[in-house]
Amino acid sequence: MDRSEQKMRFFYALRSKGVTDARVLAAMEAVDRGLFVRGLFAERAYEDTPLPIGCGQTISQPSVVALMTQALEISPRDKVLEVGTGSGYQAAILSHLARRVYTVDRHRRLVREAETIFQALDLANITAIVADGSFGLPDQAPFDRIIVTAAAEDPPGPLLAQLRIGGIMVLPVGQSDTVQSLIKVTRHAESFDYEELRPVRFVPLVEGLAQD
Ligand code: SAH
């Protein structure tokens, strides 16, 4: 199968899984997933599957990236926080849709590698930071949108607190590594709305900074 046929199948897979938002599809089209997948796995970059990226982490399945992005309903004025930079792929997609993207990861190596790609692609509206994302980024709060790409048992309190009123947060939650649900949290003036979107499987949100 040649590259253009691979790409056609890739977009067919996205559409068949419910990705219909034209802006999200355009952002997915603008970012080459092949740049974010390393070594041996690069040739599988256009399969709708998660792949290893080092540090025991994975780049998420593209249809899940697209569905999470779609659920965020990002407007071009939004300031977005991503917890879990990983390869940087999700952040690169966000950077095409939002005004400003902050992305944090507990692995210094992943943040450094992602930054190199952001610079090469001239994605100047992304700031990548080494931090424990369960505490958010208090200095940059509030955020219009928050996306968490690692699973916690419950939505972390600091992230709920750093979501602007009217803001949306999308994250996987679950008690175990195998049973998780993607949820969409909307903050109102006096309350939060929780909507369950679909079952998913993410690596766990881990406390503290990693050694590498
Ligand atoms: N969004 C990524 C995939 C992320 S995989 C992509 O597009 O490739 C999940 C990431 O969450 C991993 O890189 C892991 O290191 C990170 N992570 C886990 N717990 C974290 C925490 N407490 N703070 C910040 N990052 C965390």
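Which strand supplies the largest share of the shell around the ligand? Strand 2 does, with three residues. (Strands are DSSP runs of E with at least two residues, helices are runs of H or I with at least four, and both are numbered from the N terminus.)

This is a predicted model, where local features need pLDDT of at least 70, side-chain atom pairs count only at pLDDT 80 or more, and totals for chains, interfaces and linings use all residues. Residues are numbered from 1 along each chain as its sequence is written, and side-chain values use heavy atoms, with hydrogens and water left out.

Now look at the ligand. It has 27 residues around it. A residue is near a molecule if one of its heavy atoms lies within 4 Å of that molecule. Ser-87, Asp-105, Asp-132, Gly-133 and Val-206 come nearest. Strand 2 (57-59), helix 4 (89-95) and strand 4 (100-105) each give the shell at least two residues.

Next, zoom in on single atoms. In the side chain of Asp-105, an N or O atom is 2.6 Å from an oxygen atom of the ligand. The side chain of Asp-132 has an N or O atom 2.8 Å from a ligand nitrogen. Val-206 uses its backbone instead: an N or O atom there lies 2.6 Å from a nitrogen atom of the ligand. A polar contact is a pair of N or O atoms within 3.5 Å. Taken alone, the ligand exposes 580 Å², and the protein buries 99% of that (Shrake-Rupley method, 1.4 Å probe).

Finally, turn to Glu-29, in helix 2 (residues 22-30). Glu-29 counts as exposed because its relative accessibility is 56%, and exposed means over 50% with a 1.4 Å probe, protein chains only.

How values were computed. A polar contact is a pair of N or O atoms within 3.5 Å; within protein, one must be able to donate a hydrogen and the other to accept it, and residues adjacent in sequence count only if both atoms are side-chain atoms. Buried means under 20% relative accessible area, exposed over 50%, partly exposed in between (1.4 Å probe, protein chains only).
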